[in-house]
Amino acid sequence: VGRADGVVVAFRVERRLDIARNHTATHLLQRALLQVLGDHVQQRGSLVTPDKLRFDFSHLTAMTAQEVESVEQAVNGYIRDCLPVSSVELPYAEAVASGAIAIFDEKYGDTVRVLRVGNPPVSQELCGGTHVHNTGQIGLFALVSESSVGSGLRRIEAVTGREAEKYFKHNLRKLKQVENLLDADS
């Protein structure tokens, strides 16, 4: 809770951190998709909430199980590397000339905020959202689903941090139930 000029501002720190985890992971996901699927991948939309992230991107075919695994491994590798996350304000033309990714359907002002992950950057994009200071703060990334949302348009849903832990615990419980039903040893 903070006070300024008679206005009280309150936010839940954990909720904001969950959003920051998912938002930074979205940038790491885009980098991993480019790495695994190729340079044709372009972001076509995203949603970041405290509970999950959703990332829409251009790609003509469903991802294979190996591609999904490779993307998830790449994102978790960036997380384990504890890469610094920073931002700088630059003129739009300079930001794009420096290699920052922009969503070309978006309207940008003369000055933009460039988010950089890593030094040298593994990800560099125009972005004004909230982010972690270090990728290690994300904790864990789980790619929950990959699906089609239209011709040449794919969607990934994923969770990070506390939600990723819940996701894995839930799936382990389900696996134990199946194991018990089959009377199998682990």
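In strand E4, Arg54 is the bridge partner of Leu47. The exercises below start from that pair.

This is a predicted model, in which local features need pLDDT of at least 70, side-chain atom pairs count only at pLDDT 80 or more, and totals for chains, interfaces and linings use all residues. Residues are numbered from 1 along each chain as its sequence is written, and side-chain values use heavy atoms, with hydrogens and water left out.

**Exercise 1. The sheet**

Task: State which strands make up the open sheet, and in what order.

Solution:
- Begin with E3 and E4 (residues 53-58), which pair in the antiparallel sense over five bridges. Strands are DSSP runs (E, at least two residues), and helices are DSSP runs (H or I, at least four), numbered from the N terminus. Two strands pair if DSSP finds at least two bridges between them.
- Now take the whole sheet: four strands, in the order E3-E4-E9-E8, with antiparallel pairing.
- The edges are E3 (43-48) and E8 (141-150), each pairing on one side only.
- Neighbouring strands are turned by 15 degrees against each other on average, direction ignored. Axes are lines fitted to C-alpha atoms, for helices over the stretch in contact, and angles run from 0 to 180 degrees between N-to-C directions.
- Add helix H1, which packs on the sheet and touches E3, E4, E8 and E9 (153-160). Contact means heavy atoms within 4.5 Å. The direction of H1 makes about 30 degrees with that of E4.

**Exercise 2. Salt bridges of Arg162**

Task: Work out why the pair Glu14 and Arg162 ties together parts far apart in sequence, by 148 residues.

Solution:
- Glu14 forms a salt bridge with Arg162, the closest N and O atoms being 3.9 Å apart. The term means a side-chain nitrogen of Lys or Arg within 4 Å of a carboxyl oxygen of Asp or Glu.
- Glu14 lies in H1 (residues 13-37) and Arg162 in H4 (residues 161-182), so the pair links parts 148 residues apart in sequence.
- Arg162 also bridges to Asp18, at 2.3 Å between the closest N and O atoms. Asp18 lies in H1, so this pair ties together parts 144 residues apart.

**Exercise 3. Buried or exposed?**

Task: Classify Asp18, Glu14 and Arg162.

Solution:
- Apply the cut-offs: buried is under 20% relative accessible area, exposed over 50%, partly exposed in between (1.4 Å probe, protein chains only).
- Asp18, at 9%, is buried.
- Glu14, at 38%, is partly exposed.
- Arg162, at 40%, is partly exposed.
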